[in-house]
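Subject: A structure for you to explore

Hi,

Here is the structure I promised to pass on to you. Have a look at it first, and then read my notes alongside it.

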Amino acid sequence: MDLLLLAVAGVLVIVTVTSVAGRIGVAAPLLLVVAGVGISFLPGMPRIEVPPEAILAGVLPPLLYAASVNMPAMDFRRDFKAISGLSVVLVLVSALSLGWLLPRLIPGIGFAEAFALGAIVSPTDAVATSIVRRTGVAPRLVTVLDGESLLNDATALVLLRTAVAATGASVSFWHVGLDFVQAVGVAVVVGVLVAVVSLFVRSLVEDATVATSISFVVPFLAYAPSEHLGGSGLVAVVVAGLVIGSRSLVELRADDRIAEAVNWRTIAFLLEGAVFLVMGLELRPLLADFDDSGQPWSRLVVVTVATLVVLWVGRALWVALLLLELRRGRRAVARHAPRLASFREYLASEQAQTLSRRRRERALQLVRRREADVSFYTEQPLGARDGVVLVWAGMRGVITLAAAQTLPPETAQRSLLVLAAFCVAGASLLLQGGTLTWVVRWLGAESDRTPQRRAQLRALLEAMGEVADARCAEAAEEGLDGRPLDPLAVEQVRRRRTPAAEWEWAGEDGVDRERRIRDFVRLRRAVLEEQREALLDLRSEGRFDSQVLDTVLGRLDVTEYAATRRGPQPPR
């Protein structure tokens with residue numbers, strides 16, 4: 001009963017704090033941490049200690065899945081070099097730097113313990129990056145931060161596992177490398193397999209509620225087997241989410257996607273709020289444990305400050321190198337533009353007619369994709385201002401605290417390491433998260449792409465209209481499945497580019513009305529399928545902003561759902 005009351009109270013606190021945060025213009029995660037700290041010191045408040053396994057295996061998988069399934073695969077591919085550098089190399093460098101520095105500052109801490117703390121505090125938090133989205137920075141910057149936070153957990157946990165093993169025996173560099181490769185390799189295989197199987201099963205289910213229920217277990221189906229086989233469960237979850245997100249438009253129905261989106265937004269909202277609230281609630285027990293250890297508080301201050309400085313300086317240096325590399329890569333990509341133009345001309349020449357039509361179309365699609373990449377890197381570069389935001393937005397969160405609590409009880413100065421990890425995460429959230437909006441405004445790093453998106457949206461809607469006109473003209477002449485259609489139904493589909501809200505045009509009740517509605521629904525679905533295929537082709541070429549494409553694809557889902565739910569269901 002106490003747990004039930006605590007859960008209900010937690011939901012009420014999350015909803016209340018989030019509502020207040022929106023009104024006063026403060027990020028909800030920051031207020032939730034502060035609220036948690038305040039609640040933990042209330043008289044009679046019980047000691048709150050959440051097992052780290054509950055966070056690592058119960059909370060993070062659905063959160064990472066919810067984030068990765070909405071990650072545009074095209075954007076992730078374009079910035080994979082930056083994402084992989086931040087999520088692998090930077091984490092390793094940060095852990096090694098702290099492993100070298102802390103033993104020289106604090107007596108009794110060895111390299112293994114300091115390296116473990118470095119692995120714990122190095123990864124940025126997927127939930128913490130939700131603060132970044134409110135600042136209005138460039139969408140590309142958000143993609144890099146999201147991708148980094150999705151993947152760096154695997155690097156950190158592998159390094160932490162190695163550091164814990166090193167406290168009892170020596171571990172070689174090759175062992176660390178092989179362990180990481182195995183963790184990622186197993187995770188990728190398991191994640192892809194789970195994604196493919198789940199999409200297949202859900203495509204066979206007729207009920208959207210049942211299909212959405214299946215999606216709730218996908219993160220755990222990816223996490224558990226991967227961990228059992230020695231892989232990274234969190235990477236497996238991310239891989240499964242990326243695959244499902246990129247294939248759901250092909251494999252699933254519109255009502256499945258709509259129901260899943262609504263339900264997962266609710267789950268992510270509650271879990272995000274819960275992890276930040278719990279993070280604040282756990283401060284009091286950590287302070288009590290450190291006080292019982294008898295260590296001086298000055299030691300905690302030294303470790304916390306030194307760790308934050310190493311993380312900030314290391315991230316700043318790495319981001320500077322990253323920006324230089326991106327600039328060099330942008331120039332190299334721009335030099336490919338003339339070659340792409342020449343190859344496009346070749347595909348249109350008589351010489352290329354000897355190739356099959358399919359090969360020419362695939363080659364032309366690849367050319368368009370590369371041309372779109374060139375335009376993307378040219379029109380949306382990451383500059384010095386974006387680099388400063390990228391450094392300051394590297395906040396730590398609940399993954400740091402959960403990982404710290406997995407340290408074995410026999411770890412030297414464990415209470416110091418755990419509380420230092422909390423202080424680093426809390427300081428980064430409150431200091432960096434609390435000032436990030438001001439930093440973005442001071443730098444002038446806001447990126448308003450509204451005019452470009454409006455222009456692209458108009459272009460996409462015009463293209464969808466052309467697809468609808470062509471499909472209706474074809475259906476008027478040839479029918480569907482060899483059967484002629486009622487001209488009135490064809491005309492209604494031709495006129496309507498939004499969901500049909502009324503059916504008076506179909507006439508009075510009777511056989512003719514049912515036939516017209518049935519023809520309308522079938523042709524409407526055929527047009528929407530053609531439009532969706534056209535949008536997917538455009539998405540694969542990468543010529544349009546991913547958010548604009550998602551907007552139009554979402555409208556198609558709503559239109560299809562409305563069209564197929566008003567009146568008789570079309571035969572499958």
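Below is what I found, going from the whole chain to some single residues.

Please keep in mind that this is a predicted model.

**The whole chain**

What is the chain built from? It has 22 helices and zero strands, so helices are what you will be looking at throughout, as the definition of these elements goes by DSSP runs. Along its principal axes, the C-alpha trace spans about 85 × 65 × 50 Å.

How does the radius of gyration fit a compact globule? For 572 residues, such a globule would come out near 25 Å, and this chain has 27 Å, which agrees.

The chain also folds back on itself across long stretches of sequence: of the contacts between residues at least 6 apart, 82% join residues at least 24 apart. Buried residues account for 49% of the 572 residues. As for the outside, the chain exposes about 26800 Å², and 62% of that is supplied by carbon and sulfur atoms. There are 61 positive and 59 negative charges, and the mean positions of the two sets are 5 Å apart.

**Two helices to trace from end to end**

A good one to begin with is helix H1, residues 2-24. Its 23 residues should span 33 Å at 1.5 Å a residue, and the C-alpha atoms at its ends are 32 Å apart, which agrees. Which residues of H1 are buried? Gly10, Ile14, Val17 and Ala21 are. An α-helix has 3.6 residues a turn, so residues three or four places apart point the same way. Keep that in mind when you look at the numbering of Gly10, Ile14, Val17 and Ala21 in H1. The cover over the buried residues of H1 includes helix H2 (28-40) and helix H11 (254-281). After H1 comes Gly25, which has a positive phi, near 80 degrees.

At the start of H1 you will find Asp2. Is Asp2 buried or exposed? Its relative accessibility is 60%, so Asp2 counts as exposed. If you would like a distance to check, Asp2 and Leu105 are 103 residues apart in sequence and 44 Å apart in space, C-alpha to C-alpha.

The other helix to trace is H21, residues 511-541. With 31 residues, H21 reaches 45 Å from its first C-alpha to its last, close to the 45 Å expected at 1.5 Å a residue. Just after H21, Gly542 also takes a positive phi, of about 75 degrees. Within H21 sits Glu529, which counts as partly exposed because its relative accessibility is 40%. Glu529 and Ala468 are 61 residues apart along the chain, yet their C-alpha atoms are separated by 9.9 Å.

**Three buried residues**

Helix H7 (residues 139-166) holds Glu148. Glu148 has a relative accessible area of 1%, so it is buried. What does Glu148 touch, leaving aside neighbours within four places in sequence? Its contacts are Ile83, Leu86, Ser87, Thr124 and Arg315.

Thr143 is found in H7 as well, and it is buried, with a relative accessible area of 8%. Not counting residues up to four places away in sequence, Thr143 touches Met71, Asp75, Phe76 and Ile83. You may notice that Ile83 is a contact of both Glu148 and Thr143. Val93, 50 residues from Thr143 in sequence, is 22 Å from Thr143 in space, C-alpha to C-alpha.

Finally, try Leu252, which lies in the loop between helix H10 (233-251) and H11. Is this loop residue, Leu252, buried or exposed? Leu252 has 7% relative accessibility, and the limit for buried is under 20%, so Leu252 counts as buried. Beyond its neighbours within four places in sequence, Leu252 is in contact with Leu199, Arg202, Ser203, Arg257 and Glu260. Phe200 is 52 residues away from Leu252 along the chain, and the two C-alpha atoms are separated by 8.9 Å.

Enjoy looking around, and write back with any questions.

Best wishes

Technical notes: Residues numbered from 1 in each chain as written. Predicted model: local features only at pLDDT ≥ 70, side-chain atom pairs only at ≥ 80, totals over all residues. Heavy atoms only, no water. Helix = DSSP H or I, 4+ residues; strand = E, 2+ residues; numbered from the N terminus. Rg over C-alpha atoms; globule rule 2.2 N^0.38 Å. Buried < 20%, exposed > 50% of the residue type's maximum accessible area, 1.4 Å probe, protein only. Contact = heavy atoms within 4.5 Å. Areas by Shrake-Rupley, 256 points an atom, 1.4 Å probe, with all protein chains shown as cover. Lys, Arg positive; Asp, Glu negative; His and termini not counted. Charge placed at Lys NZ, Arg CZ, Asp CG, Glu CD. Expected span 1.5 Å × (residues − 1).
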